[in-house]
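Open the model in your viewer and keep the selection panel at hand. The stops below are meant to be taken in order.

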Amino acid sequence: MTQYLPPNLLALFAPRDPLPFAPPLDKPSWLKKTPWLYSGVGSFLHVFEDPKDTPDPTFGETREEKIERKRREKQERVAQELEEKIGSWDPQTDPNAYGDAFKTLFIGRINYDTSESKLRREMEMYGPIKHISMVYNSKASKPRGYAFIEYEHERDMHAAYKHADGKKIDGRRIVVDVERGRTVKSWRPRRLGGGLGGTRCGGPDQNVKHSGRVDSERYEDREDRERGERDRDRRRERDRGERDR
């Protein structure tokens with residue numbers, strides 16, 4: 001039947017020309033079998049170093065050792081900076097501290113929205129005030145939450161020291177204390193590792209017991225105990241209800 005096909009279709013079934021003969025190529029170097037000349041290391045022993053001259057092995061620090069080293073370096077740096085600040089701190093030559101130190105009262109934990117006029121109205125009930133110095137942040141010009149009040153008479157300062165501790169101003173209880181920087185020898189503020197913490201270290205008639213004076217850890221412990229008691233009561237009620245059913 002193929003003899004009846006046209007020439008253009010017969011050309012599709014025509015055999016190809018045979019491949020031309022080519023002589024074989026030479027083998028590559030990695031396939032050639034060449035004798036490898038191996039020798040021992042005895043001839044190179046004089047190049048090696050003497051074991052006596054070998055230094056001790058050094059080991060790199062682990063991640064835990066690196067963290068501990070950085071923590072220790074930070075502690076040493078902070079301790080050195082604190083020591084330098086303590087050496088240069090002198091409240092007697094502080095330009096911001098003026099007036100009679102024995103008539104000056106420290107007010108802490110002031111509401112940031114409390115103005116000087118509001119603080120004056122609240123504290124003038126103990127006596128006439130000579131000067132109020134509210135402390136502000138030097139960079140942001142925002143109040144830092146404490147101030148110094150100088151009274152006209154020392155007896156008024158003592159009255160405010162005794163009765164104003166724990167007084168609520170703008171919804172926040174204040175903490176009052178005498179100015180210890182210029183009146184108590186070898187006293188240091190909290191930023192230099194000193195301070196009094198949550199109490200004025202006074203007698204029962206001087207220390208007012210309120211939420212501002214009590215440490216937060218005690219409240220957390222009490223809340224944990226109360227939460228545990230509530231959970232225990234719920235379990236008992238649930239078990240009692242299951243037994244009734």
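The tour goes from a strand to the core and ends at a lysine.

This is a predicted model, in which local features need pLDDT of at least 70 and side-chain atom pairs count only at pLDDT 80 or more, while totals for chains, interfaces and linings use all residues. Residues are numbered from 1 along each chain as its sequence is written, and side-chain values use heavy atoms, with hydrogens and water left out.

Select β1, residues 104-108. Strands (E, at least two residues) and helices (H or I, at least four) are DSSP runs, numbered from the N terminus. Four of the five residues in β1 are buried, meaning under 20% relative accessible area with a 1.4 Å probe, protein chains only.

Now add β3 (143-151). β1 and β3 run antiparallel and are joined by four bridges; DSSP must find at least two for strands to pair. Leucine 105 has isoleucine 149 as its bridge partner in β3. Add β6 (175-178) as well: four bridges join this strand to β1, again antiparallel. Here the partner of leucine 105 is valine 178.

Next, show the largest nonpolar core, which has 19 residues. Such a core is a set of buried Ala, Val, Leu, Ile, Met, Phe, Trp, Tyr and Cys residues joined through side-chain atoms within 4.5 Å. Leu105, Ile107, Leu119, Met123, Ile149 and Tyr151 touch the most other members. β1, α3, β2, β3 and α4 each give two or more residues to this core.

Pick lysine 118 in helix α3 last. Is this lysine buried or exposed? Lysine 118 counts as buried because its relative accessibility is 19%. Leaving aside neighbours within four places in sequence, lysine 118 is in contact (heavy atoms within 4.5 Å) with Ile169 and Asp170.

Notes:
Buried < 20%, exposed > 50% of the residue type's maximum accessible area, 1.4 Å probe, protein only.
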